[in-house]
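Q: Hey, got a minute to look at a structure with me? I'd like to go through what touches what.

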Number of protein chains: 4
Amino acid sequence: MKQRLTRQESRLETRTRLLDSAAQLFARGGYEGASVDLIAESAGYSKGAFYSNFESKEAIFLELLDAHKRREIEALAQLLAQDIPAPELLSQIRNSETIRGSDFDFGLLSAEFQLQACRDKSFAKTYAKLHRTHRDTMAGLVTKLFAKLDRKPPSDPKDLADIIMALTTGLSLQGTSMQGPLRKGFVTEAILLVLGIEPIEGDR
Amino acid sequence: MKQRLTRQESRLETRTRLLDSAAQLFARGGYEGASVDLIAESAGYSKGAFYSNFESKEAIFLELLDAHKRREIEALAQLLAQDIPAPELLSQIRNSETIRGSDFDFGLLSAEFQLQACRDKSFAKTYAKLHRTHRDTMAGLVTKLFAKLDRKPPSDPKDLADIIMALTTGLSLQGTSMQGPLRKGFVTEAILLVLGIEPIEGDR
Amino acid sequence: MKQRLTRQESRLETRTRLLDSAAQLFARGGYEGASVDLIAESAGYSKGAFYSNFESKEAIFLELLDAHKRREIEALAQLLAQDIPAPELLSQIRNSETIRGSDFDFGLLSAEFQLQACRDKSFAKTYAKLHRTHRDTMAGLVTKLFAKLDRKPPSDPKDLADIIMALTTGLSLQGTSMQGPLRKGFVTEAILLVLGIEPIEGDR
Amino acid sequence: MKQRLTRQESRLETRTRLLDSAAQLFARGGYEGASVDLIAESAGYSKGAFYSNFESKEAIFLELLDAHKRREIEALAQLLAQDIPAPELLSQIRNSETIRGSDFDFGLLSAEFQLQACRDKSFAKTYAKLHRTHRDTMAGLVTKLFAKLDRKPPSDPKDLADIIMALTTGLSLQGTSMQGPLRKGFVTEAILLVLGIEPIEGDR
DNA sequence: CATGAATGAGTATTCATTCAT
DNA sequence: TATGAATGAATACTCATTCAT
């Protein structure tokens, strides 16, 4: 019969809870709006626990950024790996972007990251690297997509990737700052517009 | 012989200087990054002067937001009023969005506004109203543009307007958080892509 | 009839009180032992008042050090300027060293300064400069004293000055760490011993 | 065949290593400057090991103080026990005080002890007792020295002992807070000055 | 005995805001 | 109206200590 949590497991659980709390709070209140105290408390721990798991507030923020970007890249890479027809691929792009909109908004978090990167050199460096990786993966996706459609991309795939990412962040920011969430499928529609692809019937 | 400034004029000058300083500082360091002290000092006044002219830090931020959006709307309205050929109209869209990139970045400020609006109900309300006006004006522009080109817009002009605005903010954020400014004309190119219009020769 | 304190006077008073509190608390509890909170509170002000008057804890410490050393140097300089017979000069040396032993101990403060200087480069630099000035003034005193006594100093006056200062600090540290204050006149006696001068009758 | 360390030996080794680390760190950074974590880590153990061996940070500091003073007393006692000529005895006094200046500075540690004793009653008591023993031993040395030189001490040997000890600490503090170490032989020279003994040729 | 995760009180410092001048 | 001294709550971070493993 299984004992209580081992030390490793317990530490991992603490880390995870802190990361979850932090993600929510950063998304809701921004980098400045989420205090270490609040993060720790809302995860059910003391400030000390926070600092025994993360070097600083910046560190947890960066770790979150990293994890977020990795997850997106991962999702895109999986899409690329599949061998499915174009229309289905199209319908999946949306999901890779707007996943997990349930308890907190990744788009907002992303905007927050970028805003912070504008102001902090070391943030900027880390961010730039991740962004580049992400962008390249997405450019690959775009290339593949157009190959499947047997058409030529309307612009350099890397630029298209940049535009798609900017659009995602921008719409997310806009949607949240306005009222509720964006009209379902709006982001996809916008992306297809950029790519010059007719929206698939029934997707609107 | 010219008198000294009247009291009214003097007050206006103080306000104006404070607003200018605040705009620059908010753009550079974000809402939290610009302290009242700094704003006042960099305008050549004391904290007291600030509080004589504005009720709070939030108030000046809101006023700035208002002025910024109004200026954009105004610029767009003027574009609409002109009777110029389509190509020239196109080349002016960019400028209406990214003007004054010299000493501070409106795109960033806009992102900051939206982020702040996500977190503050009363901000959000003010922002939503302004955004709607702005969007509608831009939608009008889009409609007119397509009329001139004698083509059908690829989507609801209001949606296109939303997308253009999101794109502008998103690219601005992306550009600043990465390295230097965006490739010249990149924003325009992206907007034309969205609208399904071929980039004009020589604009790239 | 005099009004309330002017702003300048009021500010000065605050500064003075804060400096006094800090001096006492540093002497009693060391650099680390005196918190900014405590300093401010014991002076009857808020933490904010402290920071509106001093840039940092280090700053007030350094200012105290400076003032303390200046006062000592001043006192010695005045002794030098007088035209009094040797015996009286001798009897005054003590007082110049142990002044104001009433509410807090400068010797301790001095030891604290030096200890801190051992650990902080910028402290060390400031301290070294002050020490050198102080030492040179005291060396001048020693030279003059021996001239009056018509004798040759037993060693280089600068070395003698260093020794006298070390002795003062060391004895002060010793005296305080043991029980009560040192036996009256003990420091003088020690100094005269170093200088090879017989203690004057009645001084013991 | 040699066994592994017995439990006792292993415990002793842990204690010893912790004490060594602590001595170095206290000397370098002061009482506050050396954290339990650092002490343990730099000895190659965890915080837990520290608290298995010492009741508290204060306890290890006190134990260090005790050991340090005991070692000095022991060294002096051995000097006393020897039957060597005066000049050689003189040259050995220095070493008994300033030994082990290699990897960390006892003079500084001593100042730190005294400063701490000023602030903590129980520290003060322990310190006073040790100091008295030390002083008396040194006073014995002084007496013996003058007997050998066939001269009368210039003052009460106990006072002379106090002065020598204060001088040592004071010069050590001064030397470290200034730039590099003291001029070689300076402490000895100073002590001889206090005792009214001409520096031996070649010692300078 | 040793580990190291977690605690929680403590530290220096910042900053929007107030108010007597 | 403008000043700037003072407030006090908030913030990121440190560290001696405890205790389940």
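**Around the DNA**

Q: Which residues are closest to DNA strand E?
A: This is a predicted model, and in it Gly48(A), Ala49(A), Ser35(C), Gly48(D) and Ala49(D) are the closest to strand E. In total, 39 residues surround that strand.

Q: Which helices of chain A supply at least two residues there?
A: For chain A, they are helix H1 (7-33) and helix H3 (47-53). Chain D also gives its H1 (7-33) and H3 (47-53), while chain B gives H2 (36-42) and H3 (47-53), and chain C gives H2 (36-43) and H3 (47-53).

Q: How do the residues near strand E divide up?
A: That surface has 18 polar, 13 charged and eight nonpolar residues.

Q: OK, what about DNA strand F, how many residues surround it?
A: Strand F is surrounded by 40 residues, and the closest are Gly48(B), Ala49(B), Gly48(C), Ala49(C) and Ser35(D).

Q: And which helices supply at least two residues near strand F?
A: Chains B and C each use H1 and H3 there, whereas chains A and D each use H2 and H3. By class, the surface near strand F has 19 polar, 13 charged and eight nonpolar residues.

Q: New topic: how many residues do chains C and D put into their contact?
A: Chain C gives 37 residues and chain D gives 36.

Q: Which helix has the largest share on the chain C side?
A: H8(C), with twelve residues.

Q: What classes are the residues on that side?
A: On the side of chain C that touches chain D, there are 19 nonpolar, 13 polar and five charged residues.

Technical notes. Residues numbered from 1 in each chain as written. Chains lettered and ligands numbered in written order. Predicted model: local features only at pLDDT ≥ 70, side-chain atom pairs only at ≥ 80, totals over all residues. Contact = placed C-beta atoms within 7 Å. Helix = DSSP H or I, 4+ residues; strand = E, 2+ residues; numbered from the N terminus. Nonpolar A, V, L, I, M, F, W, Y, C, P; charged D, E, K, R; others polar. Near = placed C-beta within 6 Å.
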